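This report describes the core, one sheet and the disulfide bonding of the chain shown below.

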Amino acid sequence: QVQLVESGGGLVQPGGSLRLSCTASGIIFSIYTLTWYRQAPGKQREFVAAIFSSGSTNYVDSVKGRFTISRDNAKNTVYLQMNTLKPEDTAVYYCKIPDYNNWGQGTQVTVSS
């Protein structure tokens, strides 16, 4: 069973940046698609970004041009660089490997002045 540990969240002002990290254990990391999701208060969890084993990426329209997903297979870690943050980006962010059912504990991102 894969274990996922997210980190890097925090409080940031609008227009600021954060980099989230998610480290996985228990799997051959490099072969999997990796994703980030988020869940805002009172809303359903939504897809944010994906990076495939090939390195190609996909994003939800609302973050295109502001967020960048990347991976370091040697460190079993996926990153989400978030720039030009907006209050509507406030949410708990989770990483997910689609082949597995479990989620990490998430990391809180709050964008507020």
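## Core, sheet and disulfide

Within the largest nonpolar core, which has 31 residues, Trp36, Val78, Leu80, Met82, Tyr93 and Ile97 touch the most other members. Such a core is a set of buried Ala, Val, Leu, Ile, Met, Phe, Trp, Tyr and Cys residues joined through side-chain atoms within 4.5 Å; buried means under 20% relative accessible area, with a 1.4 Å probe and protein chains only. Seven strands are listed below as giving two or more residues to this core; strands are DSSP runs of E with at least two residues, numbered from the N terminus.

| Strand | Residues |
|---|---|
| S3 | 18-25 |
| S4 | 34-39 |
| S5 | 46-51 |
| S7 | 67-72 |
| S8 | 77-82 |
| S9 | 91-96 |
| S10 | 107-111 |

S3 supplies the largest share, 4 residues.

The model is predicted: local features need pLDDT of at least 70, side-chain atom pairs count only at pLDDT 80 or more, and totals for chains, interfaces and linings use all residues. Residues are numbered from 1 along each chain as its sequence is written, and side-chain values use heavy atoms, without hydrogens and water.

An open sheet of 4 strands follows the order S1-S3-S8-S7 with antiparallel pairing, where pairing requires at least two DSSP bridges between two strands. S1 (3-7) and S7 are at the edges with a single partner strand each, so one side of each has no neighbour in the sheet. S1 and S3 are joined by 5 bridges, and Leu4 stands opposite Ala24 in S3.

There is 1 disulfide (a pair of cysteine sulfur atoms within 2.5 Å). Cys22 is joined to Cys95, S to S 1.8 Å. Cys22 lies in S3 and Cys95 in S9, 73 residues apart. Cys22 is buried at 2% relative accessibility, and Cys95 is buried at 1%.

Technical notes:
Buried means under 20% relative accessible area, exposed over 50%, partly exposed in between (1.4 Å probe, protein chains only).
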